[in-house]
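Student: Could you show me how to read the metal sites and the ligand site of a structure, taking one feature at a time?

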Amino acid sequence: LDQARAEQRIVVRDLSIGTPMLDRLTLTRELPAAIANGEMFLQYQPKVHVRRQEINSAEALVRWQHPRHGLIMPGDFITLAEEARQIADLTYWTLNQVIADQRLLSADGRDLTIFINISGQLLGDARFVEEACRTITTSGAKIGFEITETAVIRDPQSAIANLRRFADVGIAIAIDDYGAGLSSLAYLKQLPARELKIDKMFVLQLTSSNRDPLIVRSTIDLAHALDMEVTAEGVETQAAMALLTVMGCDIVQGYLISRPISIDAFRAFMNDQKLQFDHDARDMFKRP
Ligand code: C2E
Ligand code: MG
Ligand code: MG
Ligand code: MG
């Protein structure tokens with residue numbers, strides 16, 4: 001048993017520093033069954049609208065509870081899923097799960113947009129685009145898509161056309177990981193996005209570096225000039241929160257508010273959160 005545990009630990013450790021070839025192949029082979037067998041699950045992370053002092057959206061993040069390797073994080077299997085052409089199936093699963101979970105939230109009286117991460121590969125997949133639009137329209141769920149600019153730059157024409165198609169059926173579009181990948185202001189202004197998410201690498205060091213505050217502030221100003229709201233992801237400290245508030249950041253997301261949590265924990269969090277905001281909102285969002 002100890003031997004087995006040691007092996008598991010090694011495998012999990014290897015995964016995080018670059019999946020070895022054998023495990024990549026095994027995981028890739030196991031992906032379709034994993035989706036069918038219910039090994040995937042979602043966690044939700046709230047996004048707080050600063051001025052409105054409320055949680056008005058959440059991000060769904062997928063995890064793989066592997067029977068032998070234990071918990072595998074998306075950083076270790078999304079690329080595999082893309083390479084194996086499994087990402088569409090995984091995203092259909094995610095979308096349907098989010099729609100089901102959003103029904104629970106609606107029953108609790110919550111009115112939240114739930115954001116799903118959409119792989120760049122799917123922006124050029126006409127079947128996915130039609131299927132996703134149909135599923136979301138039929139369900140009436142308030143869904144958002146988080147996409148990176150890098151995904152758009154691969155094939156800008158079709159990506160922009162498909163993003164417009166998503167926006168036309170009421171899907172909220174957010175640009176994810178802004179500043180971390182390829183970026184083009186020429187495309188940025190053409191995207192039907194209402195939200196720009198600053199990558200957490202700039203936010204995590206906001207109060208400990210000289211340059212990151214300048215980068216974050218100018219990104220906020222740029223986004224506002226383009227009529228977008230700005231989200232900071234990776235908000236871990238009260239100090240970062242205070243600075244972002246002064247800079248006019250619209251939405252915050254990070255461990256300070258909540259880690260990604262199960263749907264049940266998220267529903268409980270929303271119930272508690274209401275009370276907490278009533279008591280602490282002034283402190284939490286106070287300008288220093
Ligand atoms: P992302 O969309 O940029 O998601 C944000 C990541 O930052 C998440 O990691 C989240 O857990 C983490 N995070 C949130 N707040 C904090 C914080 O305060 N501090 C720190 N240090 N980290 C924070 P996660 O869940 O491991 O997801 C990693 C990436 O995997 C995501 O980055 C997204 O690109 C991708 N991903 C997750 N779920 C899906 C999915 O369903 N489909 C696709 N295509 N990609 C997904
Ligand atoms: Mg995201
Ligand atoms: Mg992000
Ligand atoms: Mg990221």
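**Reading the metal and ligand sites**

Tutor: In this predicted model, the protein donors of the magnesium ion (ligand 3) are Asp176 (OD), Asp177 (OD), Glu233 (OE) and Glu233 (OE), which lie 2.1 to 2.7 Å from the ion. Along the chain, the donors of this ion follow the spacing D-D-x55-E. The pair links distant parts of the chain, with Asp176 in strand 6 and Glu233 in strand 8 (residues 229–233), 57 residues apart.

Student: Are Asp176 and Glu233 buried or exposed?

Tutor: Burial is judged from relative accessible area, and a residue under 20% counts as buried. Asp176 counts as buried because its relative accessibility is 7%, and Glu233, with a relative accessible area of 8%, is buried by that criterion.

Student: Which protein atoms are the donors of the magnesium ion (ligand 2)?

Tutor: A metal site is read by listing the protein atoms that serve as donors and then locating them along the chain. For the magnesium ion (ligand 2), the protein donors are Glu59 (OE), Asn117 (OD1), Glu146 (OE) and Asp176 (OD), at 2.0 to 2.2 Å from the ion, and their spacing along the chain is E-x57-N-x28-E-x29-D. Here the pair linking distant parts of the chain is Glu146 in strand 5 (residues 143–148) and Asp176 in strand 6 (residues 172–178), which are 30 residues apart. Both Glu146 and Asp176 are buried.

Student: How far apart are the magnesium ion (ligand 2) and the magnesium ion (ligand 3), and which residue coordinates both?

Tutor: The two ions are 3.8 Å apart, and Asp176 is the residue that coordinates both.

Student: Which residues come nearest to ligand 1?

Tutor: For a bound molecule, one can go from the surrounding residues to individual atom pairs. Of the 23 residues around ligand 1, those that come nearest are Arg63, Asn117, Asp176, Glu236 and Tyr255. A polar side-chain atom of Arg63 lies 2.8 Å from an oxygen atom of ligand 1, while an N or O atom in the side chain of Asp176 is 2.9 Å from an oxygen atom of the ligand. For Lys200, a polar side-chain atom lies 3.1 Å from an oxygen atom of ligand 1.

Student: How much of ligand 1 does the protein bury?

Tutor: Taken alone, ligand 1 exposes 800 Å², and the protein buries 85% of that. Ligand 1 sits in the largest pocket, and the elements that give two or more residues to its shell are strand 2 (54–66), strand 6 and helix 10 (200–204). Strand 2 gives the most to this shell, with 4 residues.

Notes
Residues are numbered from 1 along each chain as its sequence is written. Chains are lettered from A and ligands numbered from 1 in the order in which they are written. This is a predicted model: local features need pLDDT of at least 70, side-chain atom pairs count only at pLDDT 80 or more; totals for chains, interfaces and linings use all residues. Side-chain values use heavy atoms; hydrogens and water are left out. Donors are N, O and S atoms within 2.8 Å of the metal (3.2 Å for Na, K and Ca); water is not among the atoms, so sites may look incomplete. Buried means under 20% relative accessible area, exposed over 50%, partly exposed in between (1.4 Å probe, protein chains only). A residue is near a molecule or strand if one of its heavy atoms lies within 4 Å of it. A polar contact is a pair of N or O atoms within 3.5 Å; within protein, one must be able to donate a hydrogen and the other to accept it, and residues adjacent in sequence count only if both atoms are side-chain atoms. Accessible areas come from the Shrake-Rupley method with a 1.4 Å probe; for residues, only the protein chains shown count as cover. On a 1 Å grid over the protein atoms alone, a cavity is a set of points where a 1.4 Å probe fits but cannot get out, and a pocket is an open set with protein on both sides within 12 Å along at least five of seven lines; lining residues have an atom within 4 Å of a point. A molecule sits in a cavity or pocket if more than half of its atoms lie within 2 Å of its grid points.
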